Each structure stands twice: as C-alpha cells, then as structure tokens.
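Me: I would like to go through this model with you, taking its enclosed spaces, its packing and its strands in turn. Please reason briefly before you settle on each answer.

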Amino acid sequence: MKKKYPLLGLVLSAGMILAACGGGDSSDGSGGTGSEGEGSDLNLMEEGKFTTASSGLYKPFSFEEGGNLQGFDIDIGNAIAEEMGLEPNPVTTPFETIIQGLNTNRFDAIIGSMSKTKAREEQVSFSEPYYYSGGAIFVRAGNTEIQSIEDLKDKKIGVVAQTTYDTVAQEHTDDIQIYSSDVVALQDLAIEGRLDAVITADVVGFEAQNEGLEIEMVGDPLWIEQPSIAVRKDDEELLAAIDEALAAIIENGKYDEISQKWFGRNLLDVNLEGVEVLE
C-alpha cells in the first residue's frame with residue numbers, strides 16, 4: 001500500500017476556512033493561498049519575505065553551485081513562499097545549530113530535510129511531511145564485513161551531528177566521526193581506511209553513487225523518515241499557512257514537477273507497508 005499526501009483533504013479544508021476567516025485588508029486578486037498582506041499575522045522576520053533555512057551542504061536537497069543555492073528543499077521552499085504570496089528568501093546555517101537559530105528568530109522556518117521526531121517536537125512544531133526518505137547504512141564498495149546494523153558494533157561511523165543518523169550511530173559505537181556534510185562523509189567513506197560506514201538518507205547515498213563514489217548501501221533502508229517544515233512553537237498561523245500552501249502545490253502538480261526534476265520520481269509516493277516510520 002502506498003501512502004500518498006496524508007490528510008491532504010483535511011489540510012485543504014482547514015486552509016479554506018483559515019483564508020475565509022482571515023479578514024486581511026489586502027486583497028489584490030493575485031494567486032496564492034490568501035496569505036498576501038498578512039505578513040504581520042504570520043510573524044515573519046521581514047514582512048513580505050519567507051526566510052527559510054537549510055544547511056546548504058546536503059546535495060541534492062540543498063547545496064551551493066556556481067554561487068547559487070539550489071536543490072529540492074530550496075525549490076520546495078520557494079514554491080511554498082510563492083503560494084503564500086511571499087518572496088522566497090532561503091538562507092544557510094549549520095545543521096547542528098539550526099533549531100537554536102530558528103528559536104532565536106534568525107529565520108522563519110526550517111526547510112532543510114529535518115525529520116519530524118517526538119524529541120524535536122518538544123522544541124519546534126512541524127508541518128505535514130513534505131517527503132519520505134529511508135535511513136541507510138553505506139560502506140565502501142567491496143566491504144563484506146558490514147552486512148547489517150548489528151555489524152556496526154565498535155566500527156568507525158561517519159554522521160552529521162544532531163541528526164537521526166547520529167542518534168542511531170551512538171547506539172552501536174563510541175567511535176563516531178562528526179561531519180558538517182553528509183556528502184563529505186561519503187567522500188571520506190570511499191577512501192580506504194577513513195571510515196567503516198556512514199549512516200545517511202538513501203537518496204543522498206544514491207546521488208553520491210551517481211557521481212562516481214565507490215560506495216554501497218547495506219541491505220534495505222533501516223526506517224522511513226518524515227522530513228517536515230519546522231517553525232517556532234508559537235507560530236501557529238504560520239504553520240497553518242505552510243500546510244495550506246504545501247497541500248496546494250501537491251494538488252496543483254508543482255510538487256511533482258520539483259520532485260521529478262531532482263529525483264525522477266515523486267518522493268511522497270512511498271510504500272510504507274512493513275517499514276518502521278521513525279518518530
């Protein structure tokens with residue numbers, strides 16, 4: 001069974017009610033979800049702009065190339081901003097401190113492949129998931145010593161700090177190498193003697209393979225994650241507007257267009273049957 005666009009109808013209905021009851025003074029008849037002119041209601045850092053943060057080091061989701069910030073997360077953030085009638089303003093910040101940055105008002109939201117977990121929900125509020133991905137173990141090509149998660153015991157594992165992958169690595173070894181970028185960790189993995197394994201998202205590992213890194217995924221994904229958009233706990237109006245805009249770009253095909261551009265498939269179209277969904 002494939003899980004597609006959870007609560008889409010409910011989100012759309014809620015959004016329509018929100019738009020009907022908003023009562024904003026500005027109504028210019030342009031497109032979007034009805035948030036135009038309501039920047040003050042949304043508690044934005046800068047009125048008229050939607051400032052979103054990612055690490056910028058997580059190819060193909062957010063990365064800099066030719067002086068431009070791009071990737072799946074960036075395109076999704078831009079599409080959501082435009083749907084809300086706002087100017088997109090993506091910025092980068094270290095993932096290790098991205099929640100602190102949000103809660104100290106450095107940006108409006110995190111659209112940086114941050115998975116929704118119960119622990120993180122104590123600090124921020126999350127939108128509906130905007131894609132699904134699998135947490136996976138990667139090893140150097142030809143490595144037959146690691147064939148399951150149990151084989152990670154006492155091995156040297158590369159991860160980005162404060163990620164779900166870091167948490168899992170700590171359950172199996174004390175020998176952890178911290179990186180600021182999953183891509184750099186995978187590059188080190190391909191060099192003999194640097195690392196035994198890297199835990200990251202399957203799609204990130206596949207992208208590295210496509211670019212020529214001699215690495216292999218071990219077995220099937222360990223779990224399915226639900227990357228979602230994070231906002232401050234008290235930004236309820238902004239969260240509702242984001243969910244409404246997300247539902248809209250899914251419904252009008254813009255989401256599929258972006259996902260096909262970067263991955264050749266729809267990242268919400270995932271078979272969740274029999275797979276652990278990380279919480």
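**Pocket, cavity, cores and strands**

Reply: In this predicted model, α3 (98-103) and α4 each supply at least two residues of the lining of the largest pocket.

Me: Which element gives the largest share of the lining of the largest pocket?

Reply: The largest pocket holds about 280 Å³ of space, and of its 16 lining residues the closest to the centre are Ile-99, Arg-120, Gln-123, Gln-162 and Thr-163. By class, this lining is made up of 5 nonpolar, 8 polar and 3 charged residues. The largest share, 4 residues, is supplied by α4.

Me: How much space lies in the largest cavity?

Reply: The structure holds 3 cavities of 30 Å³ or more. In the largest cavity, 18 residues form the lining, and those closest to its centre are Tyr-58, Phe-95, Ser-113, Thr-163 and Asp-182. The lining divides into 6 nonpolar, 9 polar and 3 charged residues, with β3 (57-58) and α4 (164-170) each supplying at least two of its members. The space in this largest cavity is about 180 Å³.

Me: Which helix contributes the largest share of the largest nonpolar core?

Reply: This core has 66 residues, and those with the most contacts inside it include Phe-50, Phe-61, Phe-72 and Tyr-255. The largest share of the core amounts to 8 residues, and it comes from residues 236-251, that is, from helix α7.

Me: How many residues are in the second, separate core?

Reply: Among the members of the second core are Phe-95, Met-114, Phe-126 and Ala-230. Phe-95 is also one of the residues closest to the centre of the largest cavity. This separate core has 11 residues.

Me: Why is strand β2 described as largely enclosed by the rest of the structure?

Reply: Buried here means under 20% relative accessible area. Strand β2 covers residues 49-54, and it is largely enclosed by the rest of the structure because the number of its 6 residues that are buried is 5.

Me: Which residue in β7 stands opposite Ala-53?

Reply: β2 pairs in the parallel sense with strand β6 (residues 87-92) over 6 bridges, and there Lys-49 stands opposite Glu-87. β2 also pairs in the parallel sense with strand β7 (residues 109-110), over 2 bridges. In β7, the residue opposite Ala-53 is Ile-110.

Technical notes: Residues numbered from 1 in each chain as written. Predicted model: local features only at pLDDT ≥ 70, side-chain atom pairs only at ≥ 80, totals over all residues. Heavy atoms only, no water. 1 Å grid on protein atoms, 1.4 Å probe; cavity = no way out; pocket = protein on both sides within 12 Å on 5 of 7 lines; lining within 4 Å. Points joined across faces, edges and corners; volume = space filled by probe spheres on them. Nonpolar A, V, L, I, M, F, W, Y, C, P; charged D, E, K, R; others polar. Core = buried A, V, L, I, M, F, W, Y, C linked by side-chain atoms within 4.5 Å. Buried < 20%, exposed > 50% of the residue type's maximum accessible area, 1.4 Å probe, protein only. Pairing = 2+ DSSP bridges.
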